[in-house]
Amino acid sequence: INTPTINMIADLRRNIARELITIGFDDPHSKNWHNRNSVEMNFPFLQATIAAGIYPNLASREEGQSNFKTLGNRKAKIHLSSVNACKGQPLSRKSQILEYVAYGELVKGVSSYTLSLTTHIASLMPILLTAKEFRIRPLHLDGDQTRESLITVDDIKCRCENESAFGLTVLRNRCMAIFERVVSNPNLTIDGLDHADWKALRTLDVVIRSAFQSSPGRL
């Protein structure tokens, strides 16, 4: 990333912060919120924010593959200008496991597509909790119902135990309700949440961190 790009991003951050302050939100600089990755344990949330914020700009590849496939079913490689394309980087070689990346832009070349502004995504949990198209149904194998459920988010499909699927659905609904309430009333600070909301947010904290730490593909 060159200097003009960094300056452009910095200006964009300041403009967005100014607009949020105008409609009633706190100044992000007043409570040391400028760098949320200043503490190591914040990294799972930094990655979750990126994944949820630029969704559906998500691509995946299976074990043994070099190319990624976007949710729009486009095959693409990491852009050569990306740090992730440098020799020795995990994403520059064939995948050893199922991998996901978030990207800022899909660039069309002469004969193929490339992904720019990429970052590895260790866990799909942020997508499952925030994506709009979320469906869940019992999983049947050979005509028999199992103790598992199938969660579908766009073209992403995940299998999990029924209890986990139910808990994830409840947490998702609670977090969505909290988000809508806070956004609709910027004067409602985090201190104004009730006990049930706080329990939901603490559960969210545990789930996001646990999903990140248990990922075999965490870089």
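The chat below goes through two sheets of a predicted model.

Biologist: Let's take the sheet with strands 8, 9 and 10; what order do they have, and is the sheet open?
Modeller: In this predicted model, the three strands form an open sheet in the order 8-9-10, and the pairing is antiparallel.

Biologist: Which strands stand at the edges there, and why is one side of each left without a neighbour?
Modeller: The edges are taken by strand 8, residues 135-141, and strand 10, residues 156-161; each has a single partner strand, so one side of each has no neighbour in the sheet. On average, neighbouring strands of this sheet are turned by 35 degrees against each other, with direction ignored.

Biologist: How many bridges pair strand 8 with strand 9?
Modeller: There are six bridges between strand 8 and strand 9, the latter covering residues 144-153, and the two pair in the antiparallel sense.

Biologist: And what stands opposite Pro 138?
Modeller: Opposite Pro 138 stands Ser 149, which belongs to strand 9.

Biologist: Switching to the sheet of seven strands, what is the order?
Modeller: The order is 5-6-3-2-1-4-7, in a sheet that is open as well and whose pairing is mixed. Its edge strands, strand 5 at 105-108 and strand 7 at 119-121, each pair on one side only, while the twist from one strand to the next averages 40 degrees.

Biologist: How do strand 4 and strand 7 run, parallel or antiparallel?
Modeller: Strand 4, residues 99-102, runs antiparallel to strand 7, and three bridges join them.

Biologist: Which residue in strand 7 stands opposite Tyr 100?
Modeller: That is Ile 121, which stands opposite Tyr 100.

Key: Residues are numbered from 1 along each chain as its sequence is written. This is a predicted model: local features need pLDDT of at least 70, side-chain atom pairs count only at pLDDT 80 or more; totals for chains, interfaces and linings use all residues. Side-chain values use heavy atoms; hydrogens and water are left out. Two strands pair if DSSP finds at least two bridges between them. Helices (H or I, at least four residues) and strands (E, at least two) are DSSP runs, numbered from the N terminus. Axes are lines fitted to C-alpha atoms, for helices over the stretch in contact, and angles run from 0 to 180 degrees between N-to-C directions.
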